[in-house]
Amino acid sequence: AQCTSGMGIPEQVNVQVASGDSVVLSFVTFEKTAPTKPPMAKVTVAGAAEMEVKGVTHKHVTVGCTAGGIPDKNGKLVPEPCRTYYMHFIKLSEMKPKAKYSYTVQSGGAGSVPSAQFSFRAPYGDGETRIALYGDMGVYPWNNMDNLRRENELELSDLVIHAGDHCYNELAL
């Protein structure tokens with residue numbers, strides 16, 4: 001069985017760095033009818049009033065709803081449901097360099113609900129994006145966990161890319 005989220009509830013909420021002073025908030029909703037209004041974010045930054053920023057929505061329909069179906073846990077083919085979902089994008093521009101922002105997002109659909117509150121630090125604003133690339137975050141003394149923790153505490157990077165080796169096949173002794 002497919003896991004289906006509640007109608008109009010933002011999920012897969014994330015922040016995408018767009019430039020030195022802007023980001024895009026994106027999220028997905030499942031809704032019975034197409035949103036008739038644009039998605040909205042309520043954004044606050046220290047020392048400023050809450051802002052409401054509108055965005056755009058794109059409709060997507062899962063394709064290839066398998067003619068024969070998909071196998072269940074017993075191998076029996078069951079019909080695969082086609083699902084419609086909406087991807088929402090809201091651009092925040094002219095951000096204060098390295099400022100902490102808090103936000104909620106909401107679809108423009110009837111009956112939609114706001115997301116939980118999230119926060120992030122704005123890019124440096126100097127036209128550069130600082131990226132930390134890590135790998136081998138394993139359990140051994142020579143791993144990168146301390147480096148990543150220190151990088152995060154000092155806010156030296158705009159984003160972190162993890163190259164792999166997230167976990168290991170460790171046997172309990």
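**Close-up 1. E11 stands opposite V28 of strand β2 in this predicted model.** The two strands here are β1, residues 11–19, and β2, residues 22–29. β1 and β2 pair in the antiparallel sense. Six bridges link the pair. A hairpin leads from β1 into β2. Two residues make up that connection.

**Close-up 2. G6 lies in the segment before β1.** G6 is partly exposed, because its relative accessible area of 33% falls between the 20% limit for buried and the 50% limit for exposed. F30 is 24 residues away from G6 in sequence. In space, the C-alpha atoms of G6 and F30 are 7.1 Å apart.

**Close-up 3. One cavity of 30 Å³ or more turns up in a search of the whole structure.** The volume of the largest cavity is about 30 Å³. Rolling a probe the size of a water molecule over the atoms reveals where empty space remains.

**Close-up 4. Seen residue by residue, the lining of the largest cavity consists of M40, A41, K42, T104, V105, Q106 and P114.** Two elements, β3 (40–45) and β9 (100–106), each give two or more residues to this lining. By character, the lining residues of the largest cavity split into four nonpolar, two polar and one charged. The charged residue is K42. T104 and Q106 are the polar ones. M40, A41, V105 and P114 count as nonpolar.

Technical notes: Residues are numbered from 1 along each chain as its sequence is written. This is a predicted model: local features need pLDDT of at least 70, side-chain atom pairs count only at pLDDT 80 or more; totals for chains, interfaces and linings use all residues. Side-chain values use heavy atoms; hydrogens and water are left out. Two strands pair if DSSP finds at least two bridges between them. Helices (H or I, at least four residues) and strands (E, at least two) are DSSP runs, numbered from the N terminus. Buried means under 20% relative accessible area, exposed over 50%, partly exposed in between (1.4 Å probe, protein chains only). On a 1 Å grid over the protein atoms alone, a cavity is a set of points where a 1.4 Å probe fits but cannot get out, and a pocket is an open set with protein on both sides within 12 Å along at least five of seven lines; lining residues have an atom within 4 Å of a point. Grid points are joined across faces, edges and corners, and a volume is the space filled by probe spheres set on the points.
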